Amino acid sequence: MSKRAGESSFDTPSAKKPTMSKSVAPDGGVGQVEIDENLHSRQLAVYGREAMKRLATSSVLISGANGLGVEIAKNVILAGVRSVTVHDAVTVTMTDLSAQFYLAEQDVGRNRAEACRDKLQELNTSVAVHAAAGPLTNEFIKKFHVVVCTTATLREAKRLDAICHSAGIAFIWAETRGVFARVFTDFGPSFTVYDVNGEEPHSGIVASVSSGSPAIVTCVEDERLEFQDGELVSFSEVVGMEKLNTHGPFKVKNCRAHSFELDLDTSSWGEYVRGGIVVQVKEPKTLAFKTLDEALLNPGDFLLTDFSKLDRAAQLHVGFQALDQFEAETGRAPRPADAADASKLHSLAEQINSALPAGSAKLEAVDGGVVTKLAHCASAEINPMAAMFGGIVGQEVVKAVSGKFHPIFQWLYFDSIESLPDQEQLTAAGGAGADEYKPLGTRYDPQIAVFGRTMQRRLSSLKLFLVGAGALGCEFLKNFACMGVACQLQGAPQPGIVTVTDDDVIEKSNLSRQFLFRDWDIGSAKSTVAAAAAQKLNPAFQVVPLQNRVSPETENVFDDKFWQGLDLVVNALDNVNARLYVDSRCVYFCKPLLESGTLGPKCNTQMVIPRLTENYGASRDPPEKQAPMCTVHSFPHNIDHCLTWARSEFEGMLEKGPREAASFLANPAEYAKAVRANPDASARQQLEAVAEVLLDNRSATFEQCIAWARLRFQDYFHNRIAQLTYTFPEDATTSTGAPFWSAPKRFPRPLNFNPADPAHAAFVQAGAILRAEVYNISRPDWAVDASKVAAVAAGVDVPAFAPRAGIQIETDPKADRSKPVQTERTHDDEAIIDSLLTRLEEVAQQLGSALKLGPIQFEKDDDTNYHMDLIAGLANMRARNYSIPEVDKLKAKLIAGRIIPAIATATAVATGLVCLELYKAILPGKALEAYRNTFANLALPLFAMAEPIPPKVTKHNDLTWSLWDRWTLEGDLTVQQVLDWFNDRGLSAYSISCGPALLYNNIFPKHAERLSKKMSELVVTVAKMELPRNRDHFDVVVACEDDAGEDLDVPLVSIKFR
């Protein structure tokens, strides 16, 4: 280590104590690590606590503070390791700014690691971030759990790998060269993967088990089984064949949709009676990695990324070795567009390949075209590749220290040659001259070396709309700033502009992956903060932040002129409905849409290119399956059902009921009038919620809130269950004589309140505190002590339960979820509504304006507000009723809060892939086969790239159209003129509609009067649409038949009436 490396600005892992809270075990290891669940909740949903704890005790060295190195560092720091040391001996040059987003022009001449350390530290103050510049000695290397090299030569990489391999340190060598990349991993001779895919274990509810060999297990048909032949499973809760519960795990075979076989003889195990849960047993996997020296000669199977390039990885394995040799011999990389350098690299590749022994990675022939493009790109690093591989390699670091997910084993090669512009494209755009790839002396020179000046000018002038400024949006803004999108370029015309919109504000949980935000930004508008942060990365970046949701309600903001002025739209959204709306706008205005999304370690990208591809809305995922109403309310059989019920009860008690009551108090007369106008079961249920808040159970003191919580406990977990088992005893049968309580139903048992039970105490505490909040009752200091609250609750007078006959309990799984749950009805709804309204109107007069209610809206990300405490309590007590395993508050938060698992690495990969497609979309002329849609799962790892699907094309006579077409009719036409226009083209138009309004249909005789009327008049008078002066057209949907009387879907019709 050099003297300078020991100075204060160049520290080592031991120079700064970690700020992550932990205790040290007697053996020197980490005994306890506290994870900030509010910050890392989305990441915890992916990794789990154990993997996060391993992360929090690990030290990582990243050698190479180039674009790739800092992208890896960003993702690893956000993940929450103990320390990251960024090492580099190189000083900053202007070209580093092309991909290294944490460098600025004023950093030129400084050490690269030192220049970016402080900015990296801001990402996560719980991670100690160090900079180093000295030699990588054995002693220094052995301080780390993982070593990543992004700029090492082959010789240096071999040396470092040998040290790491023998010392049990994970080693990763990664580099990007233009649109090419290489990754090598070596996690040692014996590396254990604890969870190969991160998925929840498959499970099933047992319906029967045969006696004999093999034993056939049949499960209930609620859901399809996901078991695969050869997997291991274990059983629990089986009655009558108890050895299944105590033996095993068992290997399954002949797996089908609702059954499988066990390779064992159960004939002496007794007869199966009932019940049983079967769960997959996930086995650890041990991998033996080769050293870099060994793996170069015998690389094994390459990880494929694009199935249209089956031999490309083998080609690049040889090509990159030729590149290593070229640089070792010349001391430099091949120059872009240099025929002599390309020829030399090709010759070296041929020599290396011919020297390979048979049976190794020897090629039949070296692909000269691929090698030539590798030579062209070899000297440059571009941002999208750094972003993509920063995500991939960052995930490998997480795998190395946590054992979570399967690592790359051991080589990954990638290229996006299709992103490079064709000569014809450059010529058509006025480029392809002798100086096309020559530098301009700007931060964009590495990108120019790969794509040319013509591409850079086009990027500079782009008018781009980014929808969303969350995790994806932050990454996109960073990428655009580095790429020079909408940035002033010397010799180029006025720059374009990036418009980014997001109506959300920053929360603490965003900080673990939305890397442009900091603690002090919490509560601020995402788009404003993200845009300002991106401009700091590149002051030339022209970006305008908005806080509008993109929807039909904001078409006055995002009007026709706005959409028509765009070159490209990039979605960074987290919900399907918003995506579908933006997709419809892009189709309407014929604009390219680059779509992406993430879910945990998975990500996908979709390119929507006018007239070339189908649109986003052309294919839909099936709707999410919901549990039947009766299952949730009376017959839960897993914790998800309990949490769904708990969330519903929370909102009913604390939000909907108080809000209805507040609405009633605001204007009792109007409220009563509205209810009496429609006195049905739904109105009665709504009014009963108001009565619950304002009548007999109204709370005025904190002690009354405790009493309310105690009585709620009694009602939920004792009385309702006792009533259910009274109505359906354990030996009850169905109308067919089958046991009523057969799988998947679980027979419940009532709970008796016990103030000494921490779960019971926590429930009444959370319930009382939130009830007090609704009534604006101050809570005493002792309310924070659950045991003291429980002691008060124990003294509440609880009426004895008496079962009632004639209670109706829904048992039909097909019952309508939207209808009120049927309970006892002793009088007609109208009479009960009148009685309740009379009492409520009296109370309203007594209260006047004295009572101010505060409805509580569920907020999952504040651990101090008792919301999740109550929901977890509700769910776990219900689970205890039904003998369902309980969950901790974090797990409850993930399910009840409907938290979407998210990690920074998958986000980085998605945005990098999209930006590689952006290069293809902005210069006209790319064919469909050049584009790629991608699905990636970093956990497996899996990369599946494929050409987009072309749009469906319809032909009729001489007409051809697809979803991308819109027929424009000029003039202020009458209905008859529109019908004639279609008739002239062999189409019989029989119906015209505008929005939900029917303007004309030939089956209605009275509509014949409309034939002579102007379409614009009908749009105003019938469709009630406003046609402002700045609007020159409106759209209608025309239904047509062909000559044979068959319906034809024709394009949307625009009537340009002005």
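Reader: Is Arg-1031 buried or partly exposed?
Author: Arg-1031 is partly exposed, because its relative accessible area is 24%. Keep in mind that this is a predicted model.

Reader: Ok, and what does Arg-1031 form a salt bridge with?
Author: Its partner is Asp-560, and the closest N and O atoms of the two are 3.6 Å apart. The pair links distant parts of the chain, 471 residues apart. Arg-1031 is in the loop between α31 (1015-1021) and β31 (1034-1041), while Asp-560 is in helix α17 (residues 560-564).

Reader: Why does Asp-560 count as buried?
Author: Because its relative accessible area is 18%, and buried means under 20%.

Reader: How many salt bridges does the structure hold?
Author: The structure holds 58 salt bridges. Side chains of opposite charge can pair when their charged atoms come close.

Reader: Which residue meets Asp-195 in a salt bridge?
Author: Lys-404 does, at 3.0 Å from N to O. Asp-195 lies in the loop between β9 (191-193) and β10 (203-209), and Lys-404 in the loop between α11 (383-402) and β17 (411-415), so this salt bridge ties together parts that are 209 residues apart in sequence.

Reader: Are those two buried or exposed?
Author: Asp-195 counts as buried, at 13% relative accessibility. Lys-404 counts as buried at 13% as well.

Reader: And what about Lys-309, which residue does its side chain meet?
Author: Lys-309 meets Glu-418 in a salt bridge, 3.0 Å from N to O. Lys-309 lies in the loop between α7 (292-297) and α8 (312-330) and Glu-418 in the loop between β17 and α12 (423-428), so the pair ties together parts that are 109 residues apart in sequence. Lys-309 counts as buried at 9% relative accessibility, and Glu-418 is buried with a relative accessible area of 17%.

Reader: Which residues are in the network with Lys-309 and Glu-418?
Author: Salt bridges that share partners join them with Asp-306, Arg-312, Asp-415 and Arg-932 into one network.

Reader: New topic. Which residues gather in the patch of negative charge on the surface?
Author: Glu-221, Asp-222, Glu-223 and Glu-226 gather there. Asp-222 is found in the loop between β11 (215-219) and β12 (232-236). Asp-222 counts as partly exposed, because its relative accessibility is 40%.

Reader: Which residues form the nonpolar patch?
Author: Phe-935, Leu-940 and Leu-942 form that patch on the surface, and together they have about 220 Å² of accessible area. Phe-935 has its place in strand β24 (residues 933-937), and at 35% relative accessibility it counts as partly exposed.

Reader: What does the domain assignment of the chain give?
Author: It gives domain 1 (45-196 + 288-310 + 380-420), domain 2 (203-281), domain 3 (462-623 + 904-920), domain 4 (638-797 + 834-883) and domain 5 (953-1056).

Reader: What separates the centres of domain 1 and domain 5?
Author: Taken over C-alpha atoms, those centres are separated by 59 Å.

Reader: Last one. Where does Ser-343 lie?
Author: Ser-343 lies in helix α9 (residues 339-355). Ser-343 is partly exposed, with a relative accessible area of 47%. Its C-alpha atom is separated by 83 Å from that of Arg-710, and the two residues are 367 residues apart along the chain.

Key. Residues numbered from 1 in each chain as written. Predicted model: local features only at pLDDT ≥ 70, side-chain atom pairs only at ≥ 80, totals over all residues. Heavy atoms only, no water. Patch = residues over 30% accessible without salt bridge, like charges linked within 9 Å, V, L, I, M, F, W, Y side chains within 5 Å. Areas by Shrake-Rupley, 256 points an atom, 1.4 Å probe, with all protein chains shown as cover. Salt bridge = Lys/Arg side-chain N within 4 Å of Asp/Glu carboxyl O. Lys, Arg positive; Asp, Glu negative; His and termini not counted. Charge placed at Lys NZ, Arg CZ, Asp CG, Glu CD. Helix = DSSP H or I, 4+ residues; strand = E, 2+ residues; numbered from the N terminus. Buried < 20%, exposed > 50% of the residue type's maximum accessible area, 1.4 Å probe, protein only. Domains from an automatic or database assignment.
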